[in-house]
Amino acid sequence: MSEMSIDWAGLAPMIIVFASAFAGLLIEASVPKARRLVVQVGLAVLALAAAFIAVVLNAGKSATAFALEGTDIGSVALDGPGLFLQGTIALLSVVAVLLLAEQRTTRGGDFVSEAAVVADSAADIAQRRESGATEIFPLTLFAVGGMMMFVVAGDLLTMFVALEMLSLPLYLLCGLAKRRRLISQEAALKYFLLGAFASAFFVYGMAMLYGFAGTISLTGINAAGINSNEPRILLYIGVGMIAVAMLFKAAAVPFHMWTPDVYTGAPTPVTALMAACVKVAAFGALLRVFNVGLQSSAWDWHTILVVIAIATMIGGAIFAVTQRNIKRLLAYSSIANAGYLLIGVISLGDAVGQTMFYLAAYGFTVIAAFAVVSLVRDGDDEATDLSRWAGLGKNSTGTAVIFTVLMLALAGIPFTSGFTAKFSLFSAGLEAGEIGLVVVGVVSSAILAFPYLRVVVLLWLNEPAPDAPTVNLPSPMAGTVVAAGVLATVLLGVAPGFLLDIVSEASTFLGT
Amino acid sequence: MEPITYAQATGLLSWTWLLIALPAAGAAVLLLTGRRADKWGHWVGVATIGAAFALALGMFASLAGLDDKSAATDLFTIISVGEVHIEASLLFDPLSAVFCLLITGVGFLIHLYAVGYMAHDEGRRKFFGYFNLFAAAMLVLVLGGNYFMTFIGWEGVGLASYLLISFWQMKPAAATAGKKAFLTNRVADVGFLLAMFLMVSTIGSLDFANVFNGAEGLSDGTSLALGLLLLAAACGKSGQWPFQTWLPDAMEGPTPVSALIHAATMVTAGVYLIARSHVIFSLNENVQTAVVVVGALTLLFGAIVGCAKDDIKRVLAWSTVSQIGYMFLAVGLGGAAFALGIIHLLAHGFFKAGLFLGSGSVMHAMNDQTDIRRFGGLWKVMPLTYATFAAGWLAIIGLFPFSGYFSKDPIIAAAFAREGWQGWVTGGAALLGAALTAFYMTRLFILTFHGPKRWTEDVHPHESPAIMTGPLVLLGLGSLAAGGLMATPVTDWLVPVFGEQHEAHGHLTHMQVTIATTAVVVLGAVLAWFLFRNGTEEAPHAAAWPVRVARADLGGEAVNRGLFERPGRLAANASVAVDGRGVDGVVNGLSAAVGGSSRRLLALQTGFVRSYALSILSGAVIVVAALMVVVIQ
């Protein structure tokens with residue numbers, strides 16, 4: 001009999017999240033509609049909090065979750081970076097769930113009640129007064145579970161399963177907006193088609209790498225990079241294909257084109273979830289693939305990744321300059337930030353900790369920024385056009401102050417998390433010898449600071465229009481989201497020491 | 001070289017943070033209390049800066065009594081990762097002390113003046129809030145004990161100056177000028193950031209003491225890069241070539257802003273940075289040469305353009321560009337000239353602030369007109385402004401025994417002392433600059449105050465109220481005497497910073513330089529008097545090509561347009577084009593579809609995913625192909 005040893009404690013975070021997601025489906029079927037929202041939100045928050053605690057309890061671990069007769073099976077690698085990113089995803093998604101649950105900014109929340117009703121039909125207009133579907137919570141839990149799996153996946157197959165698991169619920173969530181449903185559905189379809197396209201690349205790349213290495217485990221591929229006798233062309237095609245699929249999720253140029261459309265079309269809470277959590281998951285997996293699986297072939301892929309990083313940094317920043325819609329502006333900024341994060345990926349082991357710090361810092365800031373976006377409204381609709389934000393400081397000083405702090409953080413002004421994160425990431429990049437990339441990064445962030453600060457000026461120095469949008473005072477839900485985001489932004493700017501210590505402890509991948 | 005150390009602060013000197021906290025608190029009160037503070041808010045602004053000045057004087061006195069001429073305070077740790085520790089530390093040493101006195105002292109007078117100048121402006125409270133914010137940021141800049149703190153102040157003054165230049169938002173020119181200043185500064189900030197990264201990765205610290213002590217171990221290439229990056233940063237903030245264009249445009253802000261920020265304090269930040277980093281700049285001769293070239297080029301550039309301008313504030317702005325060029329020249333020459341640069345900076349702080357406030361007083365009298373072709377004969381109507389402006393004029397052209405003589409002449413002499421042919425070139429440039437300065441300042445002075453009246457019909461000039469003339473008189477006295485009083489004591493005072501230096505002697509003796517300078521200055525002034533004693537034409541007129549070129553800022557704008565604006569605009573247009581096919585296209589397409597009117601747009605819309613997929617595919621092909629190329633090689 002073969003003996004399988006399984007690290008249940010290590011798997012607990014994912015098990016909790018997936019089990020709660022299934023429980024959520026049962027709740028949909030059994031709990032009366034009036035009480036579903038409370039139960040679902042409670043369950044989701046508790047599950048994610050419990051998952052976070054379970055991650056913390058695993059801290060310091062560096063082992064695979066499965067072993068067969070004493071031999072490690074590398075499909076799930078519980079190591080410093082994996083656990084840190086799992087914890088980050090859990091925390092960020094608690095915040096995102098609260099934003100999903102917001103019901104007061106517009107009656108019944110941002111989500112459609114019956115997604116099957118034809119958009120803009122009489123029935124659709126009638127259902128606008130109803131509260132949104134509560135299926136979004138189990139869907140979110142599935143996606144979050146997928147993300148948590150994505151960052152600890154130790155072989156390509158597990159990684160692919162996790163990728164699909166995080167993507168499919170997101171495609172659906174994108175299409176569930178209550179207002180401007182056609183655009184929302186358009187975004188969902190677009191995201192789905194392109195995502196499927198990217199997934200195909202992943203599978204194809206995986207096949208190539210298997211052909212090259214005879215294994216799909218990342219450590220095996222790394223070893224094969226040194227001593228395999230198969231034609232190396234298989235390795236290159238494989239690396240290229242896998243990279244394309246992951247860079248698509250990470251929104252790097254030229255695989256970024258979906259980002260602005262989907263960010264704008266999706267309901268704002270879902271956009272927040274994507275901008276914060278999916279970014280963490282995608283870069284977590286990129287870090288792992290390149291550090292663990294492809295380190296031995298670093299010399300081969302280095303140049304092309306540098307080119308992509310430069311294109312992403314410059315492209316994102318330049319496109320951001322002309323944006324007039326706040327959600328599109330944040331979308332392009334997320335693209336540029338993907339470029340900065342790529343510096344961390346390219347620098348390999350020297351910058352793992354700093355990249356993770358950047359992900360956490362950026363995640364909290366951007367989630368709070370989207371939360372504020374969802375609060376500024378023209379009637380029932382979000383006022384996403386920037387001209388409508390003019391003079392917000394006059395009537396809604398508190399909101400304007402908060403948004404100013406967030407914009408300054410994104411612009412990388414000292415004493416905000418944005419500065420600390422950029423500073424440590426770029427320093428790490430320099431230490432790894434990526435001088436050119438860092439120069440481009442600094443230039444790009446200087447360009448990018450301009451659109452952010454233009455927003456600040458708009459908020460404070462311009463006169464508000466007579467029919468200026470109202471700021472719906474947040475309920476405890478959105479209020480918590482904004483508070484958590486701003487708090488993290490300021491804390492990581494003023495006293496980042498504790499988190500920097502944690503990431504430097506947790507920066508060694510299993511198998512490197 | 002002996003290692004540099006800074007002593008811990010004790011007694012009054014451990015209150016350095018209060019210097020910054022006072023104006024910062026003022027800014028917070030003014031900006032947060034809202035309209036309630038409209039009536040009395042400006043006095044809060046004046047009081048905080050006044051208190052800071054008093055404190056700075058006290059600290060100056062206690063620093064003078066110390067053996068170690070430095071006082072460092074660590075407030076708290078900002079970042080501590082591995083080897084790199086960044087503290088929020090402050091340093092009060094002779095160099096920062098003189099800057100503090102300049103910022104708070106001249107700042108106080110300008111605040112006082114602004115009470116009168118902005119009396120009728122609705123946004124006066126906000127204005128004083130920004131003003132205090134600026135003072136606080138500038139104090140952080142000069143008091144910071146490491147490059148990180150300096151950078152925070154650096155960004156802060158950039159932000160405050162942006163807010164103040166575009167204070168009159170409703171004027172499109174002001175909004176544009178604010179943006180231009182901000183963008184130019186951002187470009188130059190890149191230099192500062194990269195310099196900091198370079199310090200962290202080579203020396204492992206941003207502390208002044210550690211960086212200066214570790215700088216000697218740097219390779220030639222690194223010290224060259226470090227010096228040039230810091231120079232780029234300094235050029236941006238100080239409006240030096242090739243970043244000079246934002247400074248004259250910044251005159252769109254209220255005149256007290258021009259006086260405080262764009263004459264006396266912020267623009268000197270670049271000089272401060274170079275003086276503070278004198279160890280780095282002294283390491284590498286090529287860096288020093290670069291600073292000298294920038295300084296010499298800019299001082300001529302500014303002076304030439306200054307001759308062709310007809311707007312009173314713009315002439316003064318270009319003269320600022322030119323005078324800061326002198327300071328750059330001095331700190332670039334290094335050695336004993338470091339202190340000369342600082343002395344000229346202090347003297348310039350007085351007389352340029354006085355000149356700007358004087359020009360504000362004139363504008364006040366002339367319904368905010370700034371065209372000197374339409375002034376003339378004002379000396380009778382506004383005697384106090386006239387007298388103080390005259391003091392500034394005498395000081396800037398540098399006639400014995402006025403301020404500029406003591407601060408500028410030594411710089412010209414030091415420029416001649418450079419070895420070989422370079423000495424003749426830099427000295428010649430500095431001398432020519434002095435002649436041009438005398439010419440354009442005399443032209444400005446005569447056209448404004450003397451000659452026939454060329455006023456437009458609706459103006460009724462009058463002297464400004466006492467709250468404005470009071471500071472003018474004080475600054476006027478400072479303009480006359482500051483240089484002479486400061487020259488020797490300040491040199492001695494700065495010895496702990498720059499070390500004991502001996503004056504270099506070169507091609508010409510000091511006496512020869514003095515005679516030559518006085519001769520060309522008198523020549524320039526007399527020529528201007530001769531040409532403009534009877535006034536000038538009242539409207540722009542056709543002129544010979546050198547004047548036209550100078551009027552066009554010597555092509556600085558054209559270069560900007562070609563190098564930055566056009567590619568920027570192209571990129572922007574391209575992004576709009578791509579963007580237009582994105583969601584805007586979808587939105588348009590959808591509305592068209594709903595209206596059932598446009599199939600074409602709908603067809604386009606279904607094409608989007610395809611075109612996006614095409615982009616991914618081609619990206620993938622390129623990625624794989626590029627990897628293959630690596631193989632083949």
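Colleague: How is the expected span of a helix defined, and what should the 24 residues of helix 13 of chain B span?

Modeller: The expected span of a helix is 1.5 Å times one less than its number of residues, where helices (H or I, at least four residues) and strands (E, at least two) are DSSP runs numbered from the N terminus. This is a predicted model, in which local features need pLDDT of at least 70, side-chain atom pairs count only at pLDDT 80 or more, and totals for chains, interfaces and linings use all residues. Residues are numbered from 1 along each chain as its sequence is written, and chains are lettered from A and ligands numbered from 1 in the order in which they are written. The end C-alpha atoms of helix 13 (residues 285-308) are 35 Å apart, which agrees with the expected 34 Å.

Colleague: Is Gly433(A) buried or exposed?

Modeller: Gly433(A) lies in the loop between helix 17 (417-431) and helix 18 (435-461) of chain A. A residue is buried if 20 or more other C-beta atoms, placed from the backbone, lie within 10 Å of its own, exposed if 12 or fewer, and partly exposed in between. Because 12 other C-beta atoms lie within 10 Å, Gly433(A) is exposed.

Colleague: Which helix of chain B gives the largest share of the side that touches chain A?

Modeller: The contact (C-beta atoms, placed from the backbone, within 7 Å) takes 44 residues from chain B and 56 residues from chain A. Several elements of chain B each supply at least two residues of its side, among them helix 5 (147-165) and helix 23 (556-594). The largest share, 14 residues, comes from helix 24 of chain B.

Methods. Contact = placed C-beta atoms within 7 Å.
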